[in-house]
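Trainee: I am new to this structure and would like to go through it step by step. Please show it first.

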Amino acid sequence: GLGTLTLSADDSGATGGSNGSGGITIGDAGFTGSLVTANQPITLRSADLSINSATGSVNAGTSKVNIFTSQPTQPIVVGDVSLLGALRLDNDTMGRITAGTLVVGDINAQVGDITIKGATPPAGKHFTAAQLSTGNGKIVLDDSGGVPLTTGAGNISLSAGKNGITANASSGGVAEFSTTTGTVTLNTSGPVGTSTNRIQFADGALGMVIGDVTPSTSGVFIEGLGDLILGAITTGGAAPLNVLAALTIDQNASPLKVAGTTRVESTGVGSDGRIKLDTNTNEFGGLVTLEGTRVTIHSNNVDLALAPLSVEQLEVQTNQELKLSGNYELVAGGVHMPSFTLFGTGAIRLDGNTTITAPAQISLGPVRGPHTLTLTNTGPGANGVFFNGVLGDTALGVGDKLAGLTVTSDMTTFMTLPGINVNGNVDIRTKGEIAQSATPIIVSGTTRVESTGVGSDGRIKLDTNTNEFGGL
């Protein structure tokens with residue numbers, strides 16, 4: 001045929017009426033049955049589908065074949081078809097189908113679960129499983145017998161109901177998908193995996209989109225079995241993003257837009273523990289926890305709240321505030337020189353007493369908040385503490401004065417102090433020359449500034465006329 005073709009075993013005019021129990025058989029031992037269109041869609045709607053392996057075929061060319069149930073509550077099984085009572089689409093049946101995209105389920109009606117187990121649609125072709133997004137259906141990726149879905153270069157798109165996209169086995173080293181260059185797209189308002197049963201991706205898998213149409217309001221829990229490349233991920237409500245990988249975690253150019261908390265952890269060692277979330281349009285709505293070795297994180301438009309951490313290197317870039325509270329420790333790893341660097345126009349907001357320790361370099365923008373700030377830059381690799389804004393910045397209110405400031409550095413070169421506003425004590429000690437910018441130092445308590453440098457390297461020059469020292 002030339003045009004769109006639809007077969008429904010349960011239309012009101014079909015034999016047996018429309019009770020949802022009718023089946024479709026294409027080909028049998030006695031005759032050849034073929035459904036062919038000129039690159040136009042073919043839709044098959046029934047409670048049961050049989051395409052004879054020797055005499056039956058369905059061919060939509062480069063268009064799509066859509067297979068779904070007569071009864072929206074009836075489950076569908078793809079691949080391993082041992083589940084009774086379901087519309088069963090085994091690998092042999094899928095091998096008799098030619099299409100650019102195979103669609104299983106109905107985005108307008110399907111509420112029965114769709115289970116995918118050991119499924120191998122025609123290699124290089126696209127596969128879609130679809131449910132009514134407001135229904136109670138879920139898509140189950142059954143990895144108990146191996147990879148649930150293999151498409152090669154074909155794209156995978158799963159759109160589930162409110163009960164989400166789940167892996168039925170605990171995270172046990174089996175990826176849910178096997179693709180080469182295909183993109184995996186997951187959409188559901190329900191959960192995408194769980195903390196114990198994560199959606200797992202193969203080492204180095206490319207192309208991931210989660211929540212671009214229907215963001216999860218329950219949470220996204222994913223795992224990389226080796227190196228993991230994150231794509232566009234969006235959550236709604238206050239839903240978290242939780243990412244775990246055995247090796248590096250990187251990001252393509254698409255942003256992360258997380259409504260709730262974010263936790264990203266690599267268990268790799270040295271450079272294999274790198275976490276690099278460096279797309280400038282990332283948005284993190286809640287506290288961000290990063291566990292790895294060398295960490296880069298960029299964000300935009302919303303404040304970035306960073307949990308305490310211990311890493312070899314930390315680079316933060318934001319155009320809003322970076323919120324800190326607790327201990328931020330940078331530790332030496334091999335020959336790598338640890339450093340803490342803040343780029344961008346954002347300031348640091350202290351939500352609690354904060355300590356930053358780095359044996360290489362500390363570079364900060366403006367800092368505000370009524371808490372103490374302690375900077376420790378000591379060790380053989382110490383090469384300075386650099387300030388790019390006022391410490392105790394009161395541009396947004398006098399309540400943003402720091403409660404205390406301590407700076408200890410083994411830096412033997414020049415340190416330039418920025419403007420300082422502290423409602424408490426200040427203690428600054430270094431091994432080189434100390435000077436100040438034109439912005440005043442205002443301290444209500446005691447002030448101690450010490451250089452152990454020799455000769456001109458031990459000079460201290462606090463020569464701004466508007467400095468105010470309230471104590472000794």
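Trainee: In strand β35 (residues 313-318), which side chains point to one face and are buried?

Mentor: This is a predicted model, in which local features need pLDDT of at least 70, side-chain atom pairs count only at pLDDT 80 or more, and totals for chains, interfaces and linings use all residues. Residues are numbered from 1 along each chain as its sequence is written, and side-chain values use heavy atoms, with hydrogens and water left out. Strands are DSSP runs of E of at least two residues, numbered from the N terminus, and buried means under 20% relative accessible area, exposed over 50%, partly exposed in between (1.4 Å probe, protein chains only). Side chains alternate along β35: Gln313, Glu315 and Gln317 point to one face and are not buried, while the buried ones on the other face are Leu314, Val316 and Thr318.

Trainee: How many bridges join β35 to strand β37 (residues 339-343)?

Mentor: Two strands pair if DSSP finds at least two bridges between them. On the β37 side, Gln313 stands opposite Ser339. The strands β35 and β37 run parallel, and the number of bridges joining them is five.

Trainee: Which residue stands opposite Thr318 in β35?

Mentor: Strand β35 is also joined to β32, in parallel, by six bridges. The residue opposite Thr318 is Ser299.

Trainee: Where is Asn301 found?

Mentor: Asn301 has a positive phi of about 75 degrees although it is not a glycine. With a relative accessible area of 45%, Asn301 is partly exposed. Its place is the loop between β32 (294-299) and β33 (304-306).

Trainee: What is the relative accessibility of Asn39?

Mentor: Asn39 is not a glycine, yet its phi is positive, about 55 degrees. Asn39 lies in the loop between β3 (33-36) and β4 (42-45). Asn39 counts as partly exposed because its relative accessibility is 43%.

Trainee: Which strand gives the most residues to the largest nonpolar core?

Mentor: A nonpolar core is a set of buried Ala, Val, Leu, Ile, Met, Phe, Trp, Tyr and Cys residues joined through side-chain atoms within 4.5 Å. The largest has 98 residues, and Leu306 is one of those that touch the most other members. The strand that gives the most to this core, with four residues, is β36 (residues 322-330).

Trainee: Which strands are the edge strands of the open sheet that contains β48?

Mentor: Three strands form this sheet, with parallel pairing, in the order β45-β48-β51. Three bridges join β45 to β48 (residues 441-443), and Ile420 stands opposite Ile441. Each edge strand pairs on one side only, and these strands are β45 (420-422) and β51 (468-469).

Trainee: What is the volume of the second largest cavity?

Mentor: On a 1 Å grid over the protein atoms alone, a cavity is a set of points where a 1.4 Å probe fits but cannot get out, and lining residues have an atom within 4 Å of a point. Grid points are joined across faces, edges and corners, and a volume is the space filled by probe spheres set on the points. The lining of the second largest cavity includes Ile420, Ile441 and Phe469. The volume of this cavity is about 40 Å³.

Trainee: How many cavities of 30 Å³ or more are there?

Mentor: The largest cavity has a volume of about 50 Å³, and its lining includes Ile97, Pro121 and His126. The count of cavities of 30 Å³ or more is two.

Notes:
On a 1 Å grid over the protein atoms alone, a cavity is a set of points where a 1.4 Å probe fits but cannot get out, and a pocket is an open set with protein on both sides within 12 Å along at least five of seven lines; lining residues have an atom within 4 Å of a point.
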